[in-house]
Amino acid sequence: MTKPAAASALATVLIVEDEPAIAEALAVALYREGYRCLRAGLGREARVLFRDDQPDLVLLDVGLPDGSGFDLCREWLAAAKVPTVFLTARGEEFDRVLGLELGADDYIVKPFSLREVVARVRAILRRASRARERASSDEQTPEGPALFRIDETRVRIEYCGARLELTRYEFGLLRALLAHPQRVFSRAELMDRVWADALDTGERTVDAHVKMLRAKLRAITLEHEPIVTHRGLGYSIDPCG
Ligand code: CA
């Protein structure tokens, strides 16, 4: 067995799953990777563990005997943003948009491969730790090396000091992303925010506008790639490139 990496050795994963065999298999696989695991088969147990043990990540079954994983997620994400991955049974209707709106980082359909779960857990924790590092370095330099400057009164955005020539929807899209740096927006959310008044548009519209925006940003400089694609989830922006 390989020695767990130092960073993951400290991470605690809360497994909320009422099927003992699944919970056990997840716990064993994650433990082998060096994670500390907590287990809850009921929502009310999960609440106690969440509060007292402050996990770094939650694997959350959608269908629990005493309630829905969505409700739990809604409750505790209001208190603290902890990366959450939903576990959902095949055939069980999973409301992906609701899951993403609640701030979930991912979802996995059962039956799943343990290797896949472990890989996703590792990726999400790595991302969370990078975001924390970035947040703490941003605190040290509050001005930050932001690449964008929004001029709301003139409906303009500058990128690396150069003015972007944007259409109305490109402006709306970029402003929506910049309002919440690093937050992953689903296409549906972006449609709601930017294309609320438009008719006959689909989620492809978002992709097409992101493509155009990227081309305009690249025309100014190839040094940064601020718009990030999250496969199967949507887009975010890193305003510092
Ligand atoms: Ca269940």
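**Close-up views of the predicted model**

**Figure 1. Overall composition of the protein.** Of the 241 residues in this protein, 42% are buried. The model shown is predicted. Its secondary structure consists of nine helices and 12 strands. Among contacts with a separation of 6 or more, 58% are made by residues 24 or more positions apart. The protein has an exposed area of about 13,600 Å², of which 52% is supplied by carbon and sulfur atoms.

**Figure 2. A five-stranded open sheet with parallel pairing.** The strands follow the order β2-β1-β3-β6-β7, and their pairing is parallel. The edges are occupied by β2 (36–40) and β7 (106–110); each has a single partner strand, so one side of each lacks a neighbour in the sheet. Neighbouring strands are turned against each other by 20° on average, direction ignored.

**Figure 3. The pairing of β6 with β7.** Strand β6 comprises residues 84–89 and runs parallel to β7, to which it is joined by five bridges. Within this pairing, Ala89 has Lys110 of β7 as its bridge partner.

**Figure 4. Helices α2 and α3 against the sheet.** Helix α2, residues 20–32, lies across β1 (12–16), β2, β3 (57–61), β6 and β7. The direction of α2 is at about 170° to β2. Helix α3, residues 43–53, also packs on the sheet, where it touches β1, β2 and β3. The direction of α3 makes about 150° with that of β2.

**Figure 5. The calcium ion and its protein donors.** Three residues provide the protein donors: Asp18 and Asp61 through OD, and Gly63 through O. These donors lie 2.2 to 2.4 Å from the calcium ion. Along the chain, their spacing is D-x42-D-x1-G. The pair Asp18 and Asp61 links distant parts of the chain, 43 residues apart: Asp18 belongs to the loop between β1 and α2, whereas Asp61 belongs to strand β3.

**Figure 6. Accessibility of the two aspartate donors.** Are Asp18 and Asp61 buried or partly exposed? Asp18 has a relative accessible area of 29% and is therefore partly exposed, since the class of buried residues ends at 20% and that of exposed residues begins over 50%. Asp61, at 3% relative accessibility, counts as buried. The calcium ion thus has among its donors a partly exposed residue from the loop between β1 and α2 and a buried residue from strand β3.

Note on methods: Residues numbered from 1 in each chain as written. Predicted model: local features only at pLDDT ≥ 70, side-chain atom pairs only at ≥ 80, totals over all residues. Heavy atoms only, no water. Helix = DSSP H or I, 4+ residues; strand = E, 2+ residues; numbered from the N terminus. Buried < 20%, exposed > 50% of the residue type's maximum accessible area, 1.4 Å probe, protein only. Contact = heavy atoms within 4.5 Å. Areas by Shrake-Rupley, 256 points an atom, 1.4 Å probe, with all protein chains shown as cover. Pairing = 2+ DSSP bridges. Axes fitted to C-alpha atoms, helices over the stretch in contact; angles between N-to-C directions. Donors = N, O, S within 2.8 Å, 3.2 Å for Na, K, Ca; no water.
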